[in-house]
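This report describes the fold, the strand pairing, the nonpolar core and the unusual backbone angles of one protein chain. The sequence and the structure are shown first.

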Amino acid sequence: MVIKKLQALHDRVLVEPLDLGERKSGAILIPDTKDDKVRIGKVVSTGPGKMEFGTKVEVVAKPGDVVVLPKMIGQRVEIEDKEYWLIPDREIIAVVELEED
């Protein structure tokens, strides 16, 4: 069975991995080594948020955002032969803006 569509729920974020190789953006060098690989991806969809102590907590990431993720990624899923990551919003380290070459 093949997944054709996946919608993130609650505070989850669906992220498509980006392979940037080794790039230098301003003063930040993003390495491409197996031991110290920075995980970067593009947000595809998000859940609506979650309830905490009676208050709705919105998801910070938005579709289209490019995000930095921890080495240990949440759940890997495959949709139509492409790999995605499904992670809690709180695990996103940063939202970044990439410089076009």
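In which segment does His 10 lie? His 10 is found in the segment before β1, a strand that spans residues 12-17. The model is predicted, and the angle and accessibility values below are to be read accordingly.

**Backbone angles**

His 10 is not a glycine, yet its phi is positive, at about 50°. Glu 80 is likewise a residue other than glycine with a positive phi, near 50°. Glu 80 belongs to the loop between β8 (75-79) and β9 (82-88). Most residues other than glycine have a negative phi. The table sets out the two residues.

| Residue | Phi | Location | Relative accessibility |
|---|---|---|---|
| His 10 | about 50° | segment before β1 (12-17) | 52%, exposed |
| Glu 80 | near 50° | loop between β8 (75-79) and β9 (82-88) | 48%, partly exposed |

His 10 counts as exposed because its relative accessible area of 52% is over the cut-off of 50%. Glu 80, at 48%, counts as partly exposed.

**Overall fold**

The protein chain contains ten strands and zero helices. Of its 101 residues, 30% count as buried. Among contacts with a separation of 6 or more, 68% are made by residues 24 or more positions apart. The protein chain exposes about 7,300 Å², of which carbon and sulfur atoms supply 52%.

**Pairing of β1**

β1 is joined to β9 by four bridges, and the two strands run antiparallel. Within this pairing, Val 13 has Ile 87 of β9 as its bridge partner. β1 is also joined to β4 (residues 39-46), by five bridges and again in an antiparallel arrangement. Here Pro 17 stands opposite Gly 41 in β4.

**Nonpolar core**

Which residues form the largest nonpolar core? Eleven residues do so: Val 13, Val 15, Val 43, Val 59, Ala 61, Val 67, Leu 69, Ile 73, Trp 85, Ile 87 and Ile 92. At least two residues of this core come from each of β1, β7 (66-69) and β9. In soluble globular proteins, nonpolar side chains tend to be buried together.

The bridge partners Val 13 and Ile 87 are both members of this core. Ile 92, another member, is in contact with both of them, and also with Ala 61, Val 67, Val 68 and Leu 69, when its neighbours within four places in sequence are left aside.

Methods: Residues are numbered from 1 along each chain as its sequence is written. This is a predicted model: local features need pLDDT of at least 70, side-chain atom pairs count only at pLDDT 80 or more; totals for chains, interfaces and linings use all residues. Side-chain values use heavy atoms; hydrogens and water are left out. Buried means under 20% relative accessible area, exposed over 50%, partly exposed in between (1.4 Å probe, protein chains only). Two strands pair if DSSP finds at least two bridges between them. A nonpolar core is a set of buried Ala, Val, Leu, Ile, Met, Phe, Trp, Tyr and Cys residues joined through side-chain atoms within 4.5 Å. Contact means heavy atoms within 4.5 Å. Accessible areas come from the Shrake-Rupley method with a 1.4 Å probe; for residues, only the protein chains shown count as cover.
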